[in-house]
Amino acid sequence: MGITALQAVITHKHPRAVMPALLLADATRHAPERPGRFLEHALAAAAQIYNGTSTWTEDRYLREVLAPIAGDVSSYLVEGLDDGTADILTAAAGRLEQLRLCSRPNSGTPVPGSVRVGESASAVALALLVADLATTSDNDAAAALTGPEALAWASTSNGDSDSIACIAGGIIGSAHPESDYWAASGLNPTFEPRAEELAAAARRGTCRPPW
């Protein structure tokens, strides 16, 4: 959690950026345990922060990272929730069950009026919603969307669609730790040549910085 907060502080230094980043880190870390319930757990984490029972504030490194900009970690996280993050999570969760009944995804925004282009809380909340639709907590039930359908919907949504798709894909992939999940779903990702070369070098243990 501390490393996640550090990345958000370096790039944005605002509680509305830090709070969604922490929610995303928590969702990704626990994705195999929470398929189909990502928004539910995000709202539960928010409730714990509001009522002062969150274990996140016990993270020593998180406290050290936020100390220079926050007098009190709990209050800082509450500020991030109050600055629209809690509202967009609630709106997304309110739409989830309705969207699970849709037979096919449509382009556009799944939660009308919620998107602020390039804004982290909206991107994370909508990605969690898409990931919920593409996974299921019931082994006997089919997910509303396949992984490729989920990415297609996210990448054609309004707002910061590339970020929404990237975040959703990361969560969906984390919820399916088997190595062939995306290939079995019909996707065979390819990388820009320089990125592929760096990845290959990293696998060989010979990776060097490009500068």
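**Exercise 1. The nonpolar surface patch**

Task: In this predicted model, find which residues make the nonpolar surface patch of about 390 Å², and state which helix gives the largest share of the patch.

Solution: Begin with the membership of the patch, which is made by I3, L6, I10 and Y61 and covers about 390 Å². Next, turn to the secondary structure, where helix α1, spanning residues 2-11, supplies the largest share of the patch with three residues. I10, one of the residues that make the patch, has its place in this helix α1.

**Exercise 2. The exposure of I10**

Task: Decide whether I10 is buried or exposed.

Solution: Take the relative accessible area of I10, which is 63%, and set it against the cut-off, by which a residue counts as exposed over 50%. I10 is therefore exposed, with its relative accessible area of 63%.

**Exercise 3. The cavity and its lining**

Task: Establish how many cavities of 30 Å³ or more the structure holds, and describe which residues line the largest cavity.

Solution: The count comes at the start, and the structure holds one cavity of 30 Å³ or more, while the volume of the largest cavity is about 30 Å³. Its lining consists of L23, D26, A27, R34, F38, H41, A42 and A45. Two or more of the lining residues come from each of the elements α2 (15-29) and α3 (38-51), and α3 provides the largest share, with four residues. Sorting the lining by chemical character, as a last step, gives five nonpolar residues, one polar residue and two charged residues.

Note on methods: Residues numbered from 1 in each chain as written. Predicted model: local features only at pLDDT ≥ 70, side-chain atom pairs only at ≥ 80, totals over all residues. Heavy atoms only, no water. Patch = residues over 30% accessible without salt bridge, like charges linked within 9 Å, V, L, I, M, F, W, Y side chains within 5 Å. Areas by Shrake-Rupley, 256 points an atom, 1.4 Å probe, with all protein chains shown as cover. Salt bridge = Lys/Arg side-chain N within 4 Å of Asp/Glu carboxyl O. Buried < 20%, exposed > 50% of the residue type's maximum accessible area, 1.4 Å probe, protein only. 1 Å grid on protein atoms, 1.4 Å probe; cavity = no way out; pocket = protein on both sides within 12 Å on 5 of 7 lines; lining within 4 Å. Points joined across faces, edges and corners; volume = space filled by probe spheres on them. Nonpolar A, V, L, I, M, F, W, Y, C, P; charged D, E, K, R; others polar.
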